Amino acid sequence: MSPRPGDRASLTSRLLIYGLLVVFGLMTLLPFIWMLCASIKTKGDFYTSQFLPPGHGFLGVAWDRLTLSQFAQLFRDLPVARAMLNSVFLASVCSVVATLCCAAGGYGLAKFRFRGRETVTSAILGTVVVPTALLLGPSFETLFHLGLVDHYAGFILPTLAPAFGLYLFRQAMVNSVPPDIIEAARIDGCGEIRIFFQIVLPIIRPMLSAFLVISFIGIWNNFITPQIVLQSPERYPLSVAIFSLRGLYGDDNSLIMAGTLVAIAPVMLLFLLLQREFISGLTSGAVKG
Amino acid sequence: MSSARFASSRALSPGIWIILLLAVVSTTGVLLMPAPERGGAVLWTFIDYNGKNYASILAAWNRAHPDTRLQAKVIEYAALQRRMLTGFFSGTPTADLLEVERSIANRAFIGPLDRVGFVDLTDYLRADGLTDEIAPAVYTPWSSRGRIFGIPIGFHPVLLAYRADLVEAAGIDVSQIETWDDFFRLLRPLMFDRNGDGQPDRYLLSGWNNNPNTIDILLLQADAQLFDPAGRPTLDTPRNAEILARLVSWFAGPNRIAADASDFTFAGNRQRLEGYVVATFMPDWLAGSWRKDLTPLAGKVKLMPLPAWERGGRRTSAWGGTMIGIAKSAPRPAEKWELVKMLYFSRELAETNFNEFLIVSPLRRHHHLPMYDRPDPYFCGQPVGRLYLDQENNVPTRPSSPYTQEALRLALDVLGTLKQHAEATGRYDAASLEPLAHQLLAEAQRSLLRQIARNPFLLAAP
Amino acid sequence: MNSARPHPAWVPWVFIAPFVVIFGTFAVWPLLRSLQLAFEQTCGAQTHVFVGLKNFRYLVLDPMFWQAMGNTILFTVGTVAVQVPLALGLALLLNRPDLRGRAVFRLIFFSPSLIGMVFVAMLFSPLLEKRTGLVNIWLHALLPAWNIEFAWLETYSMTALILASVWMGAGFMMVYFLAALQHVPRELTDAASIDGAGPWQRFWHVVLPEIRPVVGLMTLLAAVGSMQLFDLPYLLLGETGGLNGRGLTIVMYLYQTGFTVGDLGYASAIGWVLALLLIGLALVQRRLARRTRED
């Protein structure tokens, strides 16, 4: 490749670009850094220093005044471990089943012709813009009539059929699953269920993992539904449990920041592990479609 | 077929594997978790210390009554409110006993009387001869349309806490103070600009025109009632207009004496330690919280009755409050009533509440207890309990309308507009602001009536 | 379908049944129910009477509703106006072919969008505090004229909310813009360069038309999301939206009427007005997108 105009920018403009990126990057990261520092400071040091408490140690920081006692308190005295288990449980189970439901539904609507297909499709896709808050009250009523209030199932079931997920999978099926492959498999005598699991799902694999991670994070961060539906403290996910700290330990900002850190760390970790497939899966639909 | 098999061997990407694994492990974990302990009655409370406080009382009760056990569950304030209201509104069961704060409790009084989620305790109190145990005004926040739905933990009279060190060093004798005017005149020398930035570094009173607590305390003290005894809003009274107009000069203009040192925040507490504000509205529970959290002020603070609005006027007010009530969904309410009596009428609770948190009992049978006369070193040796109990019969009647917060919000809006108007015109005196106050309050009254008129269930509404 | 062995008629239903059953129970049914509720006066689920259009008539004159609407529109416009250019700018910076560390920067900018609103609220509430918050302290240090008592949460609630939501959302949007930019064919920009177009002209006349569908879609999604703002102000400012309702949004008002006051009927009426608004937004965007495609 021969050098093109615009590829090799002058030194000043390159410095400017890196400078801007670093400034914005720092602005993005600052709240995280601040939270990390806040979570290992003592309650007394919280307001006296912006980041780490000043002292006579290395780099002028009082390293000996740092503490992990907040984390110990979270896991030993407060039910944070249980909340973490609940969060992992709800997020993973909901995302796995929702992904399957949406993939199957999207496949059914995209690859088959049958009476009522148009009605079902437009009924589902029409609700994409309905504000979720509108359903809050009547959904609670429905859960109550089904006897699901304060049960895990009362939280899990309504999350299993997101209209947006169906839309994404229907698109993915239309765009990337050629009808010939399905026909060929049928001619080979392959069963319908097997076609779905062994041929169709592998083709839309990027979409599968992206949607799985999106749902996982979405459920993990959901606050208002578990607040209403899951009423016993032993069923609280982290979002509710950590927020509750504000009521009882409102003056202990170090503890609250430690709790927040504990609650966002697993999602960050998951994302770091999976970021490549996640970001490409995330953008593929929107950019191509 | 071979192509299909080839594809499926790579079908699961790492992300899918990880989440599947998490699903399996966590499901196992959740299934293995022991089921929560059931059996016996449950109490929801939002105050952690109450949970701990009850521990010994509950343990003793549970040992003696294995058939009617009671366990307390601490739930965060906002979550408790949401849970209680969704339960009441949808008819889903809540805990058997609920310990809730005033602003939450009155939300339950919005529907028809027979649909209030709490058990009506009026007849229980009467049958047990307990009605006169508590001053009638103390019951009003917990009553609706004449029926009592909760037993209060205290009556929370408000005194004025002041920095005795600063006041006495200036040679000021607070015993000469009877009215707010006296207070401002005598203490005014304490307000001066030490660092020369043109702004005083010390103000006389902690509070602000947009702080609902500040304004609620002052309106109650002045008998500027936002509701009549039947629960109808009475925003546009001459008294309300007068008091709001008089309040403007406290927060703005050349005679401003108040500053915003917020409660329960680090910033506010630091300002208190620095002496940024001289006096603070001090209900009994806040006195307890200061004694616990603001230890550097020990021996520097004293309590006095609030200065009155007029000579001979009321020297106290009320702030805050928590009640215990029985949920209608609770089975065997008579049994739950015994639990309520055991908790709220016990001498043990009165003692812990005072010794730990300086909350004085609303029950007259405990008022003779010697602990209330004990000098408290934090408050320079004053008999704190007695100072609060002396105000028992002066505590103002508080409304229980579910629209109380809304009415107060409207009053704050009026005050805010008055303040802006005063700043724009440069006239801060009450006389010139009163006509505008009248007009704004009349608008607020109309808006509140319109809101209430929507509710066909609240029978007391006109 | 012309297949050798046509599938039986029940096959598609096997695939869509789980979704349809759950969707019907937990989305369609509540939706129909909310339509019914919008015409009822309720006090909790057990007490209700049919009142016809009363809820909607009240809503038209309800100052709280209009305040919430004003706040929400302000927030939406503010967020979109800051976030879209910011995200596009970051994407353009990252799109330079000779840039090193693109993956790292992308990761950094994207990371805040992984955090739930509830945690963002918990993080920002100490950061935005009046005199001890980092934001005020730093602004005061940079600009000595900055008042360290600047009341982000009490007085400038919407500014605070926009700040927090831009911090959260800009990186998410940027990822989409970056992906779109990378799909812009090199030949187009190269041709423009050869024709003597400067960087600004190249962006305006060549790049922007290419990525316009994505920009439009992301703007719509951000607007639809912003119009439904709830968690952030609810957690940051409290249930009534802070001082004088300065941070009250439509969904907060809906929640307050439905769950605190117990008036699910009025809450449903508010919800339906919001739903119609969002559908209107989506239709406008679709029409705009179609027009650009026809151009």
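What is the mean pLDDT of chain A, and what percentage of its residues reach 70 or more? The structure is a predicted model, and for chain A the mean pLDDT is 84, with 92% of the residues at 70 or more. One stretch of chain A falls short of this level: residues 1–7 have a pLDDT below 50. Beyond near neighbours in sequence, residues 1–7 make 6 contacts in the model.

Chain A also meets chain C. Into this contact go 76 residues of chain A and 78 residues of chain C. On the chain C side, helix α1 (residues 11–37) supplies the largest share, with 18 residues. By type, the chain C residues that touch chain A comprise 58 nonpolar, 14 polar and 6 charged ones.

Chain B can be followed through its domains. The domain assignment divides it into domain 1, made of 41–156 + 320–394, and domain 2, made of 158–318 + 403–453. Between the C-alpha centres of domain 1 and domain 2 of chain B there are 29 Å. Where these two domains of chain B touch, domain 1 contributes 22 residues and domain 2 contributes 21 residues. On the domain 1 side, helices α15 (347–357) and α16 (384–389) of chain B each bring at least two residues. Of the elements on that side, α16(B) gives the most, with 3 residues. The domain 1 residues that touch domain 2 of chain B are 12 nonpolar, 8 polar and 2 charged.

A single helix of chain B shows how length and burial can be read from the model. Helix α4 of chain B covers residues 77–90, which is 14 residues. At 1.5 Å a residue the helix should span 20 Å, and its end C-alpha atoms are indeed 20 Å apart, so the expected and modelled spans agree. Most of α4(B) is covered, since 11 of its 14 residues are buried. Among the buried residues are Leu80(B), Met84(B), Leu85(B), Phe88(B) and Phe89(B), and also Arg82(B) and Arg83(B). Just past the end of α4(B), Gly91(B) has a positive phi of about 80°.

The last stop is the largest nonpolar core, which holds 320 residues. Which of its residues touch the most other members? They are Ala411(B) and Phe177(C). Setting aside neighbours within four places in sequence, Ala411(B) is in contact with Ile215(B), Leu219(B), Leu226(B), Leu235(B) and Leu244(B).

Definitions and conventions. Residues are numbered from 1 along each chain as its sequence is written. Chains are lettered from A and ligands numbered from 1 in the order in which they are written. This is a predicted model: local features need pLDDT of at least 70, side-chain atom pairs count only at pLDDT 80 or more; totals for chains, interfaces and linings use all residues. Helices (H or I, at least four residues) and strands (E, at least two) are DSSP runs, numbered from the N terminus. The expected span of a helix is 1.5 Å times one less than its number of residues. A residue is buried if 20 or more other C-beta atoms lie within 10 Å of its own, exposed if 12 or fewer, and partly exposed in between; C-beta atoms are placed from the backbone. Two residues are in contact if their C-beta atoms, placed from the backbone, lie within 7 Å. Ala, Val, Leu, Ile, Met, Phe, Trp, Tyr, Cys and Pro count as nonpolar, Asp, Glu, Lys and Arg as charged, and the others, Gly among them, as polar. pLDDT is the predictor's confidence in each residue, from 0 to 100. A nonpolar core is a set of buried Ala, Val, Leu, Ile, Met, Phe, Trp, Tyr and Cys residues joined through C-beta atoms within 7 Å. Domain bounds come from an automatic or database domain assignment.
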